[in-house]
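Reader: I would like to go through the reasoning behind the labels used for this protein. Please set each value against its definition as we go.

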Amino acid sequence: MACSIDAGNHQNDATKKVVVDEVSGWLRVYDDGSVDRSWTGPPQALFLMSSVPPSPTPNDDGVTIHDLAGEPNLRLYLPSGDNRNPNTTRLPVLLHLHGGGFCISRYTWYMYHHFYSRLAGTLPAAIISVELPLAPEHRLPAAIHASFAALLRLRSLATSSDHSLLLSGVDFSRVFLIGDSSGGNLVHEVASLAGKESDDFWAPVKLAGGIPIHPGFVRATRSKSELEMKQDAFLTLDMLDKFLGLGLPEGSTKDHPYTCPMGETAPEMEKLRLPPFMVAVAEKDLVRDTNIEYCEAMKKAGKDVEVFFSEGMSHSFYLNKMAVDSDPVTGKRVKELIDAIKDFVSRH
């Protein structure tokens, strides 16, 4: 059986194996099928890939962290009573689907923790992050199935006495899907699947919106932004190609509906039942042009979609805590993104 090794844990017998595929710094696939996800990039960035433990004590964001074991495992970011808006009786729910090209990342990583803890405290909202299966051991649609199962699990939690104290102040009729990068692809796929079921099927859960942030929507042919944009540590063309090559069903190209929902082989958008969407696009993102193409296709299909544009920013900039803390412009853009999400959620 294929095995994986996460950031900070190194493979003792790696020298005995042959690397058959590699994504620089992030992932190595060996000839026996095992996968090493130990971070080999700049050591100063390792903390971003470290797992943050749960904590019942409010952190600096006024948020407590709780792990809800199950299928799939979930992590709950819950604003403390002192951090809630006194005019809001119940908290909306943001179901978070993490990125990583379908191949790397853990829902407990500090990379996500620092942003989603802040988001939970600022909105305020209950944010529930999902543990997703990773490719190439678990190629798509495995992550889609797990994400959909998480939505089903919310429905079960909404009607169960389990975790009643934690979730007593949650409004399950206002559930939003939110996803980073490849997690943005999952937002589209899960919303599409959810729309095939009736409102009665989901009750008391109601999908109120989708928030794909810099989704990994691409085509097999390079877009202008892919060809002309400066590459950075969070996304290079090599990473884009290799992660999707490992993550998509074998034999697929990037024109697959999972990565090109606006393409010719994808389900007709006009026939999809989708909630309102807010798509976050970054000006200097390699996938900027295909993100915009997706939004235009959604609008043409009559869908309720708005675009939030981050000037001067690159892919998933808000997850890079070092840049958020050290660069005033990045810090400002992160605040703008959070404010936009807060505004979108408040209107739906």
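Reader: What makes the charged end of Lys17 count as sitting over the ring of Tyr30?

Author: A charge sits over a ring if NZ of Lys or CZ of Arg is within 6 Å of the ring centre and within 35 degrees of the ring normal. The charged end of Lys17 is 5.7 Å from the centre of the Tyr30 ring, so the distance condition is met. Arg155 is placed likewise over the ring of Phe201, at 4.4 Å from its centre. This is a predicted model, in which local features need pLDDT of at least 70 and side-chain atom pairs count only at pLDDT 80 or more, while totals for chains, interfaces and linings use all residues. Residues are numbered from 1 along each chain as its sequence is written, and side-chain values use heavy atoms, with hydrogens and water left out.

Reader: Why is the aromatic pair of Phe176 and Phe344 called edge-to-face?

Author: Rings of Phe, Tyr and Trp (its six-membered ring) pair if their centres lie within 6.5 Å, and planes under 30 degrees apart count as stacked, over 60 as edge-to-face and the rest as tilted. For Phe176 and Phe344 the centres are 6.1 Å apart and the planes make 70 degrees, so the pair is edge-to-face. Phe176 belongs to strand S9 and Phe344 to helix H10, 168 residues apart; such helices (H or I, at least four residues) and strands (E, at least two) are DSSP runs, numbered from the N terminus.

Reader: Why does Phe176 count as buried?

Author: Buried means under 20% relative accessible area, exposed over 50%, partly exposed in between (1.4 Å probe, protein chains only). Phe176 has 0% relative accessibility and is therefore buried, and Phe344, at 0%, is buried as well.

Reader: What makes the pair of Phe217 and Tyr294 tilted?

Author: The angle between the planes of Phe217 and Tyr294 is 35 degrees, with 4.3 Å centre to centre, so the pair falls into the remaining class, tilted. Phe217 lies in the loop between strand S10 and helix H6, whereas Tyr294 lies in helix H8, 77 residues away. Phe217 is buried because its relative accessibility is 0%, and Tyr294 is buried because its relative accessible area is 0%.

Reader: How many aromatic pairs does the structure hold?

Author: There are nine aromatic pairs. Ring pairs also link a cluster made of Phe115, Tyr116, Phe317 and Tyr318.
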